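Student: I have a chain open here and would like to go through its packing and its charged pairs. Can we work from the structure?
Tutor: Yes, go ahead and put it up.

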Amino acid sequence: MERGAVERLEVLSRDKCLALMATVPVGRLGVSIEALPAILPVNFALLADRIIVRSVPGTKLDAATAKNVVAFEVDGYDPGGDWGWSVLVRGVASEITDPAELAEVRALPLRAWALGDAADRFLAIEATLVSGRRFGR
């Protein structure tokens, strides 16, 4: 850090958190699998106050939609360490099965982290608790 530079930490509003989330394509989904925490990288899109993730059937989808609270984290930063931000969302995840909602989320510019079009299931995370911090010099 430069001599005389002042580091500041800012608590972000919900609206600012959601706006920052919309600037990055990848986040980390935190779920419990066999009673142990797991953090999984996923591509995502925002649709109003919901985080939308494409998935395939299996452990991740099952764990995230077991009516448990999940965590979702995104961040951005300067590789030199001069600034950064982090947003954490906690809420209940559910699989989207309603045909009208499925049509809406299929229209989003959302690719799966892996497996391309084989990831044909969609997970919605309600942004119930949203918190964020930003620091800079």
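Student: What is Met 21 in contact with, leaving aside its neighbours within four places in sequence?
Tutor: This is a predicted model. In it, Met 21 is in contact with Phe 44, Leu 46, Ile 51, Phe 72, Val 74, Trp 85, Val 87 and Val 89.

Student: Which residues touch the most other members of the largest nonpolar core?
Tutor: Met 21, Leu 29 and Phe 72 do, in a core of 27 residues.

Student: And which elements give two or more residues to this core?
Tutor: Two helices and a set of strands. The helices are H1 (14-21) and H2 (59-64). The strands are E2 (26-33), E3 (36-43), E5 (50-55), E6 (69-77), E7 (83-95) and E8 (121-126).

Student: What does a second, separate core include?
Tutor: That core has 10 residues, among them Ala 45, Ile 52, Leu 108 and Leu 110.

Student: Back to the helix with Met 21. Which residues of H1 are buried?
Tutor: Cys 17, Leu 18, Leu 20 and Met 21. Viewed along the axis of H1, these buried residues fall within an arc of 160°, so they line one face of the helix.

Student: What covers the buried residues of H1?
Tutor: The cover includes E4, E5, E6, E7 and strand E9 (129-136).

Student: Changing topic: how many aromatic pairs does the count come to?
Tutor: The count is 1 aromatic pair. It is formed by Phe 44 and Phe 72, whose ring centres are 5.0 Å apart.

Student: Why is that pair edge-to-face?
Tutor: The planes of the two rings are at 75°, and over 60 degrees counts as edge-to-face.

Student: Where in the chain are the two rings?
Tutor: Phe 44 is in the loop between E3 and strand E4 (45-47), while Phe 72 is in strand E6. They are 28 residues apart, and the pair links distant parts of the chain.

Student: Is Phe 44 buried or exposed?
Tutor: Phe 44 counts as buried, at 7% relative accessibility. Phe 72 is buried as well, with a relative accessible area of 1%.

Student: Now the charges. How many salt bridges does a search of the whole structure find?
Tutor: The search finds 7 salt bridges. One of them joins the side chains of Asp 49 and Arg 14, at 3.0 Å from N to O.

Student: Where do those two sit?
Tutor: Asp 49 is in the loop between E4 and E5, and Arg 14 is in helix H1, 35 residues apart. Asp 49 is partly exposed, with a relative accessible area of 36%. Arg 14 is also partly exposed, at 31%.

Student: Which partner does Arg 28 meet in a salt bridge?
Tutor: Asp 75, with 2.5 Å from N to O. This pair links strand E2, which holds Arg 28, to strand E6, which holds Asp 75; the two residues are 47 apart. Arg 28 has a relative accessible area of 28% and is partly exposed. Asp 75 counts as partly exposed too, at 27%.

Student: What about Arg 50: buried or exposed?
Tutor: Arg 50 is buried, because its relative accessible area is 17% and buried means under 20%. Its place is in strand E5.

Student: What does Arg 50 form a salt bridge with?
Tutor: With Glu 101, the closest N and O atoms being 3.1 Å apart. Glu 101 is in helix H3 (residues 99-106), and 51 residues separate the partners along the chain. Unlike buried Arg 50, Glu 101 is partly exposed, with a relative accessible area of 28%.

Student: What else does Arg 50 touch, not counting residues up to four places away in sequence?
Tutor: Besides Glu 101, Arg 50 touches Ala 45, Ile 96, Ala 124, Ile 125 and Glu 126.

Student: Which residues do salt bridges that share partners join into one network?
Tutor: Arg 8, Glu 10 and Arg 134.

Student: Last one. Where is Glu 7?
Tutor: Glu 7 is in the segment before strand E1 (8-11). Glu 7 is partly exposed, with a relative accessible area of 46%. Its C-alpha atom is separated by 25 Å from that of Val 89, 82 residues apart along the chain.

Notes:
Residues are numbered from 1 along each chain as its sequence is written. This is a predicted model: local features need pLDDT of at least 70, side-chain atom pairs count only at pLDDT 80 or more; totals for chains, interfaces and linings use all residues. Side-chain values use heavy atoms; hydrogens and water are left out. A nonpolar core is a set of buried Ala, Val, Leu, Ile, Met, Phe, Trp, Tyr and Cys residues joined through side-chain atoms within 4.5 Å. Buried means under 20% relative accessible area, exposed over 50%, partly exposed in between (1.4 Å probe, protein chains only). Helices (H or I, at least four residues) and strands (E, at least two) are DSSP runs, numbered from the N terminus. Contact means heavy atoms within 4.5 Å. Rings of Phe, Tyr and Trp (its six-membered ring) pair if their centres lie within 6.5 Å; planes under 30 degrees apart count as stacked, over 60 as edge-to-face and the rest as tilted. The arc is that of the directions from the helix axis to the C-beta atoms. A salt bridge is a side-chain nitrogen of Lys or Arg within 4 Å of a carboxyl oxygen of Asp or Glu.
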